[in-house]
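The following exercises are to be solved with the sequence and the coordinates at hand. Each task is followed by a worked solution.

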Amino acid sequence: MCGIFGYLGNKNSIKACLNGLKLLEYRGYDSAGIATIKNGSLINFKASGKLISLEKKINIKNLNLDLAIGHTRWATHGAANEKNAHPHLDEMKNVAIVHNGIIENYDILKKDLQSKGVKFRSETDSEVIAQLIFKNYKKNLLDATLKTLKEVKGSLAIVVIHKNHPHEIVAATRESPLAIGFDDKKNEFIISSDPNAFSGRNLNVIFLKNNEIAHIKKNDLIVINLRKQKVHKKFEKLNSKNLIFSKKGFEHFLLKEIFDQPLTIQKAYLGRAIEDKGQVEFEHLNFTKKFLSKIDNIIVTACGTSYHASLIAKAYFEDQANIRTSAEIASEMRFKNLLITKNTLVIAISQSGETADTMAALKAAKAKGAKTLSIVNVQNSTISRFTDESIFLKAGPERSVCSTKAFSSQITVLYLFAIYLARLRDMKKREAILFLKELKKIPLKIRKVLKISSLINEQAKKYAKFDSFFFLGRNLMYPTAMEAALKLKEISYLNANAYPAGEMKHGPLALISNKLPVIAFCSNEKTYDKMLSSLMEAKARGAPILAFATKNSYGIEDIADDVIWLEKTTDELAIFPSSVAAQLFAYYVAKIRKTDIDQPRNLAKSVTVE
Ligand code: G6P
């Protein structure tokens, strides 16, 4: 979690740091801070809340210095206040550090230091690192950091400065990503937890691996391991185009990203689907055809919205390709007895490619010898570099914490991948052509949903007064309902309980009253009649019902109080129009409720702690 940024070079370091932190703010916005060295003293600025509060505290003109480190925080240990904001300093204000990760033995280390009289300022686990580096310091910052790394347990990415070393930065990592970018002449060094912060720059980039330590001085960079041996690092040329951070006239990034979807789905589809041949191709997918055609077990793992895509993947792989598939919540998967054989494929789905739980699940799978594939949006991300193969979503940067366009691109890629696997088995060309043709029509169908956004807004006005909801669906409309409920929870802060409609009668029906509306997803023909019966049961007990249903469906108008009509497609693809309509519904409810739509409270876009 959190974003780390460090700068050493010939430009204004504070300005560089603030710009870098802006690009990382999606990783957490509970507080932010920057430290630098001026005239032999450490200067530290901190503010709780978003980066803008920090910016207001700093007068850049007075600080034309060539080194700075910064951090944007998502609270783990200690409240989300200024005291707990990074950078953290040692008691004597000699050392400043920024840290991502969790120090597992911080309690023991802290108590030990306190027993020796060391005073702590924060409730964080991170502060212990600064105090230890100070304790271990004997005129050599690298050695002091190295010694400290051997004392702390847990995951970390740290960047360290010391007041006696105004042209020196030490950075180290263990189980938490850290990249260093530099220009050809090594005039500037940028250290970041996320290459997103290198946006707009053409840089040479190295990614630190576990227990590697980078020692950066003016025009010089070396990397060593814990035994102090030099590590030869190959750099990659990152030709990072300026990320487009414009809302393009929309009031929020979320709304812009919802409206981006016809285009982003096309991007995920184009160049991969060869409709007239009924074939699918993925660029740079180097698994052998022999392996692909022998896969008899797929485990799909992910978190949050991406986990809901995994549930859809399970249905696609089982229905189209006849491959037994399980969808696993990543934070649970690593504790299970994973039944992996040489014919198992483990797929990780992640927008950011940085989610720690998903990484941990992947590591557990790899340790058991699984072949791994990632479906990610961010290129060069930790997960995409860790898996054997990757397929990219090409959805462009997703800025709003609540995921929308990445989700529909994930579904697109998963559907294509299911056809790809099915064609290696027994799916006929004719059948594949039909599947691909239907998928190709989806962007148009989503455009039609976007056109009725004002109608959805009207429904949102009616339902925003309720505090609690049931989201119901059956078959593929159940994961659709789960994802729709998550959207409402995330951005409206309302209680939304997703259930397979058939389960209502086995308990949850007891909650139904006229104060608890049902939001029903009815666009799967296979279960349509059963869905109507479940809704009748809810209606009989007074629940207000808003239904998302396919145009011309019979019966639903007589049961539901309100219906939002959607374009017809197949059961497999009905998730597209339904979830876009649900995204708009959640957006408008959140607007009425006046929440922080792009950066909802307590959340972060990329969760890099387990
Ligand atoms: C966070 C975000 C969610 C996201 C989840 C998984 O919790 O707030 O929107 O779905 O992480 O993220 P990933 O980047 O792995 O898809």
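**Exercise 1.** Which strands and helices each supply at least two residues of the lining of the second largest pocket?

*Solution.* The model is a predicted one.

Step 1. The elements that meet this condition are strands E7 and E11 (202-207), together with helices H10 (356-367) and H11 (382-386).

Step 2. Among these contributions, H10 gives the most to the lining, with 5 residues.

Step 3. The volume of the second largest pocket is about 820 Å³. Its lining comprises 31 residues, and those closest to the centre are Glu175, Ser176, Asn210, Met359 and Lys363.

Step 4. Sorted by class, the lining holds 13 nonpolar, 7 polar and 11 charged residues.

**Exercise 2.** Determine whether the residues of strand E7 are buried or exposed, and assign them to the two sides of the strand.

*Solution.*

Step 1. In general, side chains of a regular strand alternate between the two faces of the sheet.

Step 2. In E7, one set of residues pointing the same way consists of Gly154, Leu156, Ile158, Val160 and His162, while Ser155, Ala157, Val159 and Ile161 point the other way.

Step 3. The criterion for a buried residue is a relative accessible area under 20%. Both sets in E7 are buried.

Step 4. Since 9 of the 9 residues of E7 (residues 154-162) are buried, the strand is largely enclosed by the rest of the structure.

**Exercise 3.** Identify the strands that pair with E7, and give a facing residue pair for each.

*Solution.*

Step 1. Strand E6 (residues 95-103) pairs with E7 in the antiparallel sense, over 9 bridges. Within this pairing, isoleucine 97 is opposite valine 160 of E7.

Step 2. Strand E8 (residues 168-174) is likewise antiparallel to E7, with 5 bridges. Here alanine 157 faces threonine 173 of E8.

Step 3. The connection from E7 to E8 is a hairpin of 5 residues.

**Exercise 4.** Describe the surroundings of asparagine 297 and the polar contacts of its side chain.

*Solution.*

Step 1. Asparagine 297 belongs to strand E17 (residues 297-302).

Step 2. The relative accessible area of asparagine 297 is 15%. Buried means under 20%, so asparagine 297 is classed as buried.

Step 3. With residues up to four places away in sequence left out, asparagine 297 touches Ile323, Arg324, Leu339, Asn343, Thr344 and Leu345.

Step 4. Two of these neighbours take part in polar contacts: the side chain of asparagine 297 reaches the backbone oxygen of leucine 339 at 3.3 Å, and a contact of 3.4 Å links it to the side chain of threonine 344.

Terms used: Residues are numbered from 1 along each chain as its sequence is written. This is a predicted model: local features need pLDDT of at least 70, side-chain atom pairs count only at pLDDT 80 or more; totals for chains, interfaces and linings use all residues. Side-chain values use heavy atoms; hydrogens and water are left out. Buried means under 20% relative accessible area, exposed over 50%, partly exposed in between (1.4 Å probe, protein chains only). Helices (H or I, at least four residues) and strands (E, at least two) are DSSP runs, numbered from the N terminus. Two strands pair if DSSP finds at least two bridges between them. On a 1 Å grid over the protein atoms alone, a cavity is a set of points where a 1.4 Å probe fits but cannot get out, and a pocket is an open set with protein on both sides within 12 Å along at least five of seven lines; lining residues have an atom within 4 Å of a point. Grid points are joined across faces, edges and corners, and a volume is the space filled by probe spheres set on the points. Ala, Val, Leu, Ile, Met, Phe, Trp, Tyr, Cys and Pro count as nonpolar, Asp, Glu, Lys and Arg as charged, and the others, Gly among them, as polar. A polar contact is a pair of N or O atoms within 3.5 Å; within protein, one must be able to donate a hydrogen and the other to accept it, and residues adjacent in sequence count only if both atoms are side-chain atoms. Contact means heavy atoms within 4.5 Å.
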